[in-house]
Amino acid sequence: MLVVGLTGGVGSGKSTVAKIFENDFSVPVIDADVIARHLTETEAVREQLLETFGEAYFDNQGALLREKLRQAVFADAGLRRRLEDLLHPLVYREIKSQLSQLDAGYCIVAVPLLLETRGEDRVDRILVIDCTIEQQVDRVVARDTCSKAHVQDIISAQLGRDARLRRADDVLNNEGSLDSLKEKVAILHDQYRTLGYLP
C-alpha cells in the first residue's frame, strides 16, 4: 500500500484536501489532529499534560482548555517542544496501528508537522498543500477568529514555505476555487492509484 503523507502550513487547506480524497474518492484518511484530540481526552494523557503544564490549562471539570494551550505553545518554543515530545510519539504509534489495519491501494496520512517531526521516513510520498502566506493568515483569522499576530506565531513555528516545497514529492496549489482544487485532487488520485496498484 502506498502511504501518502499530506502536510502544509496552517491555513493551506490540508483538511479540505483530505476530505476530498475521503469523500469524493473513498480513500482511507488517517488524521493526526483527530488522533491527538482523542489522545488528549484519555485519562493517561490528561494526567501527563496536567503534570507537564499545570492546572492553568484545565477547567474546573478537568477538561483541557485547548485554545489556551494552543496559544501558549505557539508563543513559547519551550512549551511547544514539551507538548510535541509528549504527544508526537503517541500519535505516530497510533498512525502505525491504523495503517496496519488498512487494505487499500493507497491511503492519506494527514500530519500538519510531518516534516518538522521527521515523519517523512514513515510515508512513501510527501504531498504538500501550498498557498500564499497572505492566504494562510486570512483563512486562519476567518476560521478561528484570532489575531493576525497569533497566526504569524504559528507560521513562524512551522517549517518555512520554501523548505517545505523543496522536500515535497507532489505539490497541490490551493490558491484558487474549490472546483479547481477538486480537479487537482482528481489528477493526484489517478497518479496514486497507479503507484499503489489500485485497479
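Visitor: What covers the buried residues of α6?

Guide: Happy to start there, with the reminder that this is a predicted model. The cover includes α7 (148-157). The residues underneath that count as buried in α6 are Q136, V137 and V140.

Visitor: What makes those buried residues line one face of the helix?

Guide: Look down the axis of α6: the buried residues fall within an arc of 95°, so they sit along one face. In general, an α-helix has 3.6 residues a turn, so residues three or four places apart point the same way. The face turned away from the buried side of α6 carries the exposed residues E134 and A142.

Visitor: How do you know that the span of α6 is close to the expected one?

Guide: Helix α6 covers residues 133-144, which is 12 residues, and reaches 16 Å from its first C-alpha to its last. At 1.5 Å a residue, the expected value is 16 Å as well.

Visitor: What follows α6, and what is its phi?

Guide: That is T145, with a positive phi near 45°. T145 belongs to the loop between α6 and α7.

Visitor: Why is T145 called exposed?

Guide: Its relative accessible area is 70%, and exposed means over 50%, so T145 qualifies.

Visitor: Which other residue has a positive phi although it is not a glycine?

Guide: R118 does, at about 60°. You will find R118 in the loop between β3 and β4. With 65% relative accessibility against a cut-off of over 50%, R118 therefore counts as exposed too. As background, most residues other than glycine have a negative phi.

Visitor: Why is the pair of F21 and Y106 called edge-to-face?

Guide: Two values decide it. The ring centres are 6.3 Å apart, and rings pair if their centres lie within 6.5 Å. The planes stand at 85°, and over 60 degrees counts as edge-to-face, so the name fits.

Visitor: What does the pair of F21 and Y106 tie together?

Guide: F21 lies in helix α1 (residues 14-25) and Y106 in strand β3, so the pair joins parts that are 85 residues apart in sequence. Ring pairs also link F21, Y106 and Y192 into a cluster.

Visitor: How do you know whether F21 and Y106 are buried or exposed?

Guide: Buried means under 20% relative accessible area. F21 has 0% and Y106 has 2%, so both F21 and Y106 are buried.

Visitor: What makes F53 and Y57 an aromatic pair, and of which kind?

Guide: Their centres are 6.2 Å apart, which is within the 6.5 Å limit. An angle of 80° between the planes makes the pair edge-to-face. F53, at 10% relative accessible area, is buried, and so is Y57 at 14%.

Visitor: How do you know that the charged end of K68 sits over the ring of Y57?

Guide: The charged end of K68 is 5.6 Å from the ring centre of Y57, and the distance limit is 6 Å. R122 lies over the face of Y92 in a similar arrangement, at 4.1 Å from the ring centre.

Visitor: Which residues have the most contacts inside the largest nonpolar core?

Guide: L49, Y57, I95 and V109, in a core of 41 residues. Helix α5 gives the most to this core, with 9 residues. Leaving aside neighbours within four places in sequence, L49 is in contact with T40, G54, F58, L64, L83 and L86. A second, separate core has 18 residues, including V4, I20, A110 and I129.

Key. Residues are numbered from 1 along each chain as its sequence is written. This is a predicted model: local features need pLDDT of at least 70, side-chain atom pairs count only at pLDDT 80 or more; totals for chains, interfaces and linings use all residues. Side-chain values use heavy atoms; hydrogens and water are left out. Helices (H or I, at least four residues) and strands (E, at least two) are DSSP runs, numbered from the N terminus. The expected span of a helix is 1.5 Å times one less than its number of residues. Buried means under 20% relative accessible area, exposed over 50%, partly exposed in between (1.4 Å probe, protein chains only). The arc is that of the directions from the helix axis to the C-beta atoms. Contact means heavy atoms within 4.5 Å. A nonpolar core is a set of buried Ala, Val, Leu, Ile, Met, Phe, Trp, Tyr and Cys residues joined through side-chain atoms within 4.5 Å. Rings of Phe, Tyr and Trp (its six-membered ring) pair if their centres lie within 6.5 Å; planes under 30 degrees apart count as stacked, over 60 as edge-to-face and the rest as tilted. A charge sits over a ring if NZ of Lys or CZ of Arg is within 6 Å of the ring centre and within 35 degrees of the ring normal.
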